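Grab a pencil and work through these exercises with the structure open beside you. Try each task yourself before reading its solution.

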Amino acid sequence: MFFCLLCHGLTPPQQDLCPACRRDLPWNQHHCERCAEPWPTPFHGLCQLCVADEPFYDQCFAPFRYDFPVDQLILQGKGGKRAELLYALGRLMAEALLQQDVVLPDAIVPVPMHPQKQNKRGYNQAGVLAQLIGRRLGIPVHHDLVLKVREPGDQKNLSRSGRQHNISRAFRVQRNRLRACQPPLRHIVLLDDVITTGSTINQLSRQLRSSGVERVDGWALARTGKDIYTQPSSPL
Ligand SMILES: [Zn+2]
Ligand SMILES: [Zn+2]
């Protein structure tokens, strides 16, 4: 017997969610074709920000909007107490990637955490997700190509360019390791749990591209909407 992680009702074999709960999830159906920012109505094209300031990545993919209950599932999942929630979302993400014929990369690089923070938590949720997605899709995962060398601090009151500058100093691409990869990594996906402003993915894409990578995409479980600084609701 399999029980739904959300409503505890019966589910089909090997499924994490019952069909009703699965249908009710905040799927990111309409969005900017470049940055995956959710759009309330059917939409084809690019958002204003992507037109005004072209990102360094080719495309972002996020199957969900960062909205109830996915926001709660991610918070609980990465809090460590209910890791199975993160895995369930990861499996749904892998399915969505295949269904939507998303272009698959040569390698997945999880967005790193600062080592101190990671030691405290014991793992990097982006790394855990990258392993799961990589295994399901048959894509190698590289954990050591990008390092987080400092915390960018509070970004809330910074302008877009201020945020970019701050983030550019937070990460370092390990160019020697990247160049040593055989066959060479021409197309890399940066994977995170949530894409908020897209600044992190954009800066890392810039650095990877200036290190010779031809194409960089960003994948995440969920993408926040317009009101980018809305605090997620408190855990259930
Ligand atoms: Zn259910
Ligand atoms: Zn956009």
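**Exercise 1: Thr11**

Thr11 has 21 C-beta neighbours inside 10 Å, so this residue counts as buried. Keep in mind that you're looking at a predicted model.

Task: Find out where Thr11 sits and which residues it is in contact with, leaving aside its neighbours within four places in sequence.

Solution. Start with the element: Thr11 belongs to strand β2, residues 10–11. Now list the contacts, skipping neighbours within four places in sequence: Phe2, Phe3, Cys4, Leu17 and Cys18. For one more check, take Cys21, 10 residues apart from Thr11 along the chain: their C-alpha atoms are separated by 9.9 Å.

**Exercise 2: The whole chain**

Task: Decide how compact the chain is for a globular protein of its length.

Solution. First count the elements: the chain has 9 helices and 9 strands. Next, compare two numbers: the radius of gyration is 17 Å, and the globule rule gives 18 Å for 236 residues. Those values are close, so the chain is as compact as a globular protein of that length. Along the principal axes, the C-alpha trace spans about 50 × 40 × 35 Å. Finally, look at the contacts with a separation of 6 or more: 68% of them are between residues 24 or more positions apart.

**Exercise 3: Strand β9**

Task: Work out which strands pair with β9, and whether β9 is enclosed or open.

Solution. Go through the partners one by one.

- β3 (residues 59–61) runs parallel to β9, joined by 3 bridges; here Gln59 stands opposite Asp217.
- β4 (residues 64–65) pairs with β9 over 2 bridges, also in the parallel sense; Phe64 is opposite Ala222.
- β8 (residues 187–195) is parallel to β9 too, with 8 bridges; His187 has Arg215 as its bridge partner.

Then trace the path from β8 through helix α9 (residues 199–210) to β9: the three make a right-handed β-α-β unit. Last, check burial: 8 of the 9 residues of β9 (residues 215–223) are buried, so the strand is largely enclosed by the rest of the structure.

**Exercise 4: One side of a helix**

Task: Find the buried residues of helix α3 and say how they are arranged around the axis.

Solution. In α3 (residues 70–78), the buried residues are Val70, Leu73, Ile74, Gly77 and Lys78. They cover an arc of only 110° around the axis, so they sit on the same side of α3. The spacing helps you see it: an α-helix has 3.6 residues a turn, so residues three or four places apart point the same way. What covers these buried residues? The cover includes β4, α4, α6, β8 and β9.

**Exercise 5: Backbone oddities**

Task: Locate the cis peptide bonds before Pro69 and Pro183, then the positive phi values of Gln14 and Asp101.

Solution. Phe68 to Pro69 is cis, with omega near -5°, and Pro69 is in the loop between β4 and α3. Gln182 to Pro183 is cis as well, with omega near -5°; Pro183 is in the loop between α8 and β8. Phi is near 65° for Gln14, in the loop between β2 and α1, and near 55° for Asp101, in the loop between α4 and β5. Gln14 is exposed, and so is Asp101.

**Exercise 6: Confidence**

Task: Where does pLDDT stay under 50?

Solution. The chain averages a pLDDT of 90, but residues 228–236 stay under 50. Where pLDDT is low, don't read the predicted coordinates in detail.

Key. Residues are numbered from 1 along each chain as its sequence is written. Chains are lettered from A and ligands numbered from 1 in the order in which they are written. This is a predicted model: local features need pLDDT of at least 70, side-chain atom pairs count only at pLDDT 80 or more; totals for chains, interfaces and linings use all residues. The radius of gyration is taken over C-alpha atoms; the globule rule is 2.2 Å times the number of residues to the power 0.38. Two residues are in contact if their C-beta atoms, placed from the backbone, lie within 7 Å. A residue is buried if 20 or more other C-beta atoms lie within 10 Å of its own, exposed if 12 or fewer, and partly exposed in between; C-beta atoms are placed from the backbone. pLDDT is the predictor's confidence in each residue, from 0 to 100. Two strands pair if DSSP finds at least two bridges between them. A crossover is right-handed if, with the strands pointing away from the viewer, the path from the first strand over the helix to the second runs clockwise. The arc is that of the directions from the helix axis to the C-beta atoms.
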